[in-house]
Amino acid sequence: MNVLVVGGAGYIGSHCTRQIIAAGHHPVVLDNLSSGHREAVAIGTPFYHGDLGDQALVRQVLRREKIDIVMHFAAFIEVAESVAMPIRYYKNNVVKTLALLETMMEEDVRKFIFSSTAAVYGMPETMPITEGVKKAPINPYGQTKLDCENILSALAVAHGLGFAVFRYFNACGAATDGAIGEDHAPETHLIPNVIRSALGLAPVIKVFGTDYPTPDGTCLRDYIHVDDLSRAHIAAFDRIGTPGTQLHFNLGTGHPHSVMEIIGAVEKLSSKKVPVEFAPRRAGDPPELCADATCARTALGWKPLFTSIESIIETAWRWHSAHPSGYATR
Ligand code: UFG
């Protein structure tokens, strides 16, 4: 398969690109490098520097590279930023996705894999979360992803688009060979921030909220290795060929960990004490998010290969230790 990876220079897109190659397919990357990194794109992969909303460019790439499947990772992902700047989020995450999909329909490319999020569920009352529960996003970020999911369903009905939507829980970790990893600016995610504190690259890790209704009072999240996420996408390639196919999958391990457990795991792995500061709750954080990923397991034959949080953190630790300033380019 010739696979266009939109956002393939970003964190999840770059890991997915390498897994596509490992599975014997041919990735092509389109990225505007607004937050991605050119060095993160696997050597030898055709790279187009441009925007997913640029319909002339996307048309040219679809034709020239004879694209069979499009995967879309090029979204803005910060919840707090989406609350402060909703127009920016709706423009990038919805309007530009619509432009990409329109070009695909015009060029008769009708297989699509979409990077969605647990944020589409909002604050569900039952755990673990199954795909069928009510979608009630509590911030513009989650809403933009849900809007895209709904657009995909309409296109499946109207134009025979076949798609798989993956709702990620907490993506983390880095490539096992240490070649690529996580580099956001600013970094807001827990695991990289705890590691940075352990390495002395940040003065302290702030723990946002200690009064949640959880065993140790800190939030519980379902951390899933980025390569495990990526493998699920590839397993869906041959499931979306029938026109009108609509697939939705949660991706998580089903084993949540608290913020304090993550800090403890990093301390154990690094043999370093992580300086902690207890801070108020961060707006919009649900107490617990845990995936029921039975659908992905049964329909795709997928299962996470990284089954312990220690094994996941170890890969992230290796990347951050070797790249204390992240990638060379910003
Ligand atoms: N946290 C801290 N200190 C930090 C960073 C995070 O205590 O420095 C806490 C957060 O409050 C939260 C947990 O660690 O309780 C995990 O936070 P992350 O920022 O790593 O991840 P989120 O769960 O907030 O975000 C993930 C995805 C988002 C998605 C969201 C849905 O990364 O894309 O889940 O709720 F929108």
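These exercises, with worked solutions, concern a predicted model.

**Exercise 1. Domains**

Work out which segments make up each domain, and what area the two domains bury between them.

*Solution.*
- Start with the assignment. Domain 1 covers 2-171 + 225-251, and domain 2 covers 190-222 + 254-289 + 306-328.
- Next, take the separation. The C-alpha centres of the two domains lie 27 Å apart.
- Count the contact residues. Domain 1 supplies 16 residues and domain 2 supplies 13 residues.
- Now the area. About 1200 Å² is buried between the domains, 65% of it on carbon and sulfur atoms.
- In domain 1, M127, N170 and H225 lose the most area to domain 2, together 38% of what that side buries.
- Finally, check for charge pairs. The count of salt bridges between domain 1 and domain 2 is zero.

**Exercise 2. Nonpolar cores**

Locate the largest nonpolar core relative to the domains.

*Solution.*
- The largest nonpolar core has 55 residues. M71, I113, F166 and I191 have the most contacts inside it.
- Both domain 1 and domain 2 give residues to this core, so it lies between them.
- Another core lies apart from it, with 29 residues, among them V28, L52, L100 and F163.
- Take F166 as a probe of the largest core. Beyond its neighbours within four places in sequence, F166 is in contact with residues including I113, F114, A232, F249, L251 and L300.

**Exercise 3. Helix α4**

Test the end-to-end span of helix α4 against its expected value, then find what covers its buried residues.

*Solution.*
- Helix α4 runs over residues 86-106, which is 21 residues.
- At 1.5 Å a residue, α4 should span 30 Å. The end C-alpha atoms are 29 Å apart, which agrees.
- The buried residues of α4 include Y89, N92, V94, L100, L101 and M105.
- Their cover includes the strands β1, β4 and β5. It also includes the helices α2, α3 and α5.
- Just after α4, D108 takes a positive phi of about 60°.

**Exercise 4. Salt bridges**

Which parts does the K96 salt bridge with D51 tie together, and is D51 buried or exposed?

*Solution.*
- The whole structure holds 15 salt bridges.
- In the K96 pair with D51, the closest N and O atoms are 3.1 Å apart.
- K96 lies in helix α4 and D51 in the loop between β3 and α2, so the pair ties together parts 45 residues apart in sequence.
- K96 is partly exposed at 27% relative accessible area. D51 counts as buried at 19%, since buried means under 20%.
- Compare R110 with D108, which meet at 2.5 Å, N to O. Here R110 is partly exposed at 27%, and D108 is exposed at 54%.

Definitions and conventions. Residues are numbered from 1 along each chain as its sequence is written. This is a predicted model: local features need pLDDT of at least 70, side-chain atom pairs count only at pLDDT 80 or more; totals for chains, interfaces and linings use all residues. Side-chain values use heavy atoms; hydrogens and water are left out. A nonpolar core is a set of buried Ala, Val, Leu, Ile, Met, Phe, Trp, Tyr and Cys residues joined through side-chain atoms within 4.5 Å. Buried means under 20% relative accessible area, exposed over 50%, partly exposed in between (1.4 Å probe, protein chains only). Domain bounds come from an automatic or database domain assignment. Contact means heavy atoms within 4.5 Å. Helices (H or I, at least four residues) and strands (E, at least two) are DSSP runs, numbered from the N terminus. The expected span of a helix is 1.5 Å times one less than its number of residues. Buried area is the accessible area (1.4 Å probe) that two parts lose on being put together, summed over both. A salt bridge is a side-chain nitrogen of Lys or Arg within 4 Å of a carboxyl oxygen of Asp or Glu.
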